[in-house]
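I set out below what I looked up in this entry. The notes run from single residues to the chain as a whole.

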Amino acid sequence: MEFTKFAESVKLRRVHDGIHNILLFIGEDPEREGLKETPFRMIRSWKELFSGYKQNPADVLKVFAEGACDEMVILKDVEFYSHCEHHFLPFFGKVHIGYIPNKRVVGVSKLARLTEIFARRLQIQERMTAQIADSLMEHLEPLGVMVMVEAVHFCMTSRGIQKQNSKMITNAIRGIFLNNIDTRNEFLQTIKGGF
């Protein structure tokens, strides 16, 4: 136990020193009042922002046979915040999830929790979209899943090409959604409409 604490403190010291060096690299004084505690604040922040690495989708996807239906289930406008693995900059937006049950359903909050697990990792949007769909297919075993993600990327808006009004849209289409255009259209129409 003592060794584990020691190893953790050595790891935290290395991360602290790395952030300290990054501050020097960008031309800052890490010892000035406003930045002196910044490495510790960043470490605490990163533990929350990247908490998805310590979570397993199987642990949140509790399924129920009771109350199962055979009609499409949709959760739309699930907000998320993630970080691009290429530039370590934020991207954020909304996730829309639809599935057709196969004698089992999942609690609605679990769909949002599943989104959080994958969003709270270094990501690319395309992979995150697929991970959400594939996890639902694996653990819920529905007839089909469709996931759409709409996001704004700081690597596009605040640096590089600097296109502030750009939005990236990705889809993951599995099962019955692949072969049935009417099912796909029902999902798309529902997420576009209001209550």
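In which loop is Phe-88 found? I located Phe-88 in the loop between β2 (73-84) and β3 (90-100). I took helices (H or I, at least four residues) and strands (E, at least two) as DSSP runs, numbered from the N terminus.

Before going on, I noted that this is a predicted model, in which local features need pLDDT of at least 70 and side-chain atom pairs count only at pLDDT 80 or more, while totals for chains, interfaces and linings use all residues. Residues are numbered from 1 along each chain as its sequence is written, and side-chain values use heavy atoms, with hydrogens and water left out.

**Positive phi**

I looked up the backbone of Phe-88 and found a positive phi of about 60 degrees, although Phe-88 is not a glycine. Phe-88 has a relative accessible area of 41%, so I entered it as partly exposed. For this term I used three classes: buried is under 20% relative accessible area, exposed is over 50%, and partly exposed lies in between (1.4 Å probe, protein chains only).

I made a second entry of this kind for Lys-103, which is not a glycine and has a positive phi of about 75 degrees. Lys-103 sits in the loop between β3 and β4 (105-106). Its relative accessibility is 66%, and I therefore recorded Lys-103 as exposed.

**Cysteines**

How many disulfides does the rule give? I applied the rule that a disulfide is a pair of cysteine sulfur atoms within 2.5 Å, and the count came to zero. Cys-84 is in no disulfide, and the nearest cysteine sulfur, that of Cys-155, lies 4.2 Å away. Why is the sulfur of Cys-155 not bonded to that of Cys-84? The closest cysteine sulfur to that of Cys-155 is in Cys-84, and I left the pair unbonded because 4.2 Å is too far for a bond. I recorded Cys-84 as buried at 7% relative accessibility, and Cys-155 as buried at 14%.

**Gln-123 and Arg-120**

I next looked up Gln-123, which is found in strand β5 (residues 122-123). Is Gln-123 buried or exposed? Its relative accessible area is 1%, so Gln-123 is buried. I took contact to mean heavy atoms within 4.5 Å. Not counting residues up to four places away in sequence, Gln-123 touches Ser-82, His-83, Cys-84, Glu-85, Phe-91, Phe-118, Met-128 and Gln-131. Cys-84, noted above, is thus one of the residues that Gln-123 touches.

Arg-120 is in the loop between α4 (108-119) and β5. I recorded Arg-120 as buried, with a relative accessible area of 16%. With residues up to four places away in sequence not counted, Arg-120 touches Glu-48, Leu-49, Phe-50, Ser-51, Gly-52 and Tyr-53.

**Val-63 and Glu-71**

I placed Val-63 in strand β1 (residues 63-64). Val-63 counts as partly exposed at 25% relative accessibility. Leaving aside its neighbours within four places in sequence, I found Val-63 in contact with Arg-104, Val-105, His-139 and Leu-140. I also noted that Val-63 and Glu-141 are 78 residues apart in sequence and 9.9 Å apart in space, C-alpha to C-alpha.

Glu-71 is in the loop between β1 and β2. I recorded Glu-71 as exposed, with a relative accessible area of 53%. Glu-71 touches Tyr-99 and Pro-101, not counting residues up to four places away in sequence. From C-alpha to C-alpha, Glu-71 and Ile-100 are 6.0 Å apart in space and 29 residues apart in sequence.

**The chain as a whole**

I recorded eight helices and seven strands for the chain. The radius of gyration is 20 Å, well over the 16 Å that the globule rule gives for 195 residues, so I entered the chain as more spread out than a compact globule. The radius is taken over C-alpha atoms, and the globule rule is 2.2 Å times the number of residues to the power 0.38. Along the principal axes, the C-alpha atoms fill a box of roughly 60 × 50 × 25 Å.

Buried residues make up 35% of the 195 residues. Among contacts with a separation of 6 or more, 70% are between residues 24 or more positions apart.
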